[in-house]
Amino acid sequence: MKDKKYKTGLVLSGGGARGFAHLGVLQALNEAGIYPDIISGTSAGSLAGVMYCDGHSPKEILKIMTRNSRLDYMRPVLPRDGILEISGINKILETNLSARKFEELKLPLIVCATDLNNGKPVYFSKGDLITSVIASSSIPVMFKPVIINKVYYVDGGVLDNLPVKPVENKCSLLIGSFVNPVGYEETTSGLLTIAVRTFMLNQAKEAETKKDKFDLFIAPPDITKFGILEIEKANDFFDMGYEKTRERLKEPEVKKVISEKLG
């Protein structure tokens, strides 16, 4: 443990409204006495991560985020670069975050966004906080790209939905929370539905290639019951993440790994 920079690292995937499950994961971990020292997140994972790293508890974040309806999160705009506007999330962050720069957070945070011009993932950990998080959360076609220093950025999940790279080999215990498994979906018609479904299918394959990098990997299977835009199911998502994490923490092998890594 002495040669690692951080004791516990947590990686949070993208997944739209399913990201509320990350809060349940954090709640269960905290109750077990496990507190991340650094978080790396994409899209919904960056939203959960930034609120937690700012000092809010998982249940506080759930309460803050569920005060708003779906229209408060995203509003229709005249289609050009995106169908919806993400200004609602921007307002929630501006209202509830104490920090305005990464350096002002209580815990270090890394946010992944996709550089659309150069075709590569970018990991933000310094400077303007809210703009980076919004860029990380801007699902292509659905939301307009975010421009930072004349570069167009979209959702980090396009190229790295489970951003383990920035924290790999830097943590004694590395935990991954993946909230974008692929299941059967009956409704696959309509431009927005097809675009989002295609995007999520592309994201989901990453979990299989990366899950072995984690000491503890959490992926609630029942989360596919609800779509990624069903913000009204936030409490259900929270419960799924919470229960799955508690279940994993009771496994003898997981207990052994945690004891060895943190002991």
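**Exercise 1. Decide whether strand β9 (residues 151-155) is mostly covered or mostly open.**

Solution. Start with the cut-off: a residue is buried when its relative accessible area is under 20%. Next, apply this to β9 in this predicted model: four of the five residues in the strand are buried. Strand β9 is therefore mostly covered, given that cut-off.

**Exercise 2. Find the strands that pair with β9, and give the sense of each pairing.**

Solution. Begin with strand β5, which spans residues 109-115. Three bridges link β5 and β9, and the pairing is antiparallel. To see one of these contacts on the structure, look for T114, whose bridge partner in β9 is V154.

Now turn to strand β8, residues 146-148. β8 also runs antiparallel to β9, again with three bridges. Here you can look for I148, which has V151 of β9 as its bridge partner.

**Exercise 3. Work out how the chain gets from β8 to β9.**

Solution. Follow the chain out of β8: two residues lie between this strand and β9. Together the two strands form a hairpin. Then check the backbone in the turn, where N149 has a positive phi of about 50°.

**Exercise 4. Place β9 in the wider chain by collecting the overall figures.**

Solution. First, count the elements: there are nine helices and 11 strands. Second, look at burial: 54% of the 263 residues are buried. Third, consider contacts with a separation of 6 or more: 75% of them join residues 24 or more positions apart. Last, take the surface: the chain exposes about 12400 Å², with carbon and sulfur atoms supplying 50% of that area.

Definitions and conventions: Residues are numbered from 1 along each chain as its sequence is written. This is a predicted model: local features need pLDDT of at least 70, side-chain atom pairs count only at pLDDT 80 or more; totals for chains, interfaces and linings use all residues. Side-chain values use heavy atoms; hydrogens and water are left out. Buried means under 20% relative accessible area, exposed over 50%, partly exposed in between (1.4 Å probe, protein chains only). Contact means heavy atoms within 4.5 Å. Accessible areas come from the Shrake-Rupley method with a 1.4 Å probe; for residues, only the protein chains shown count as cover. Two strands pair if DSSP finds at least two bridges between them.
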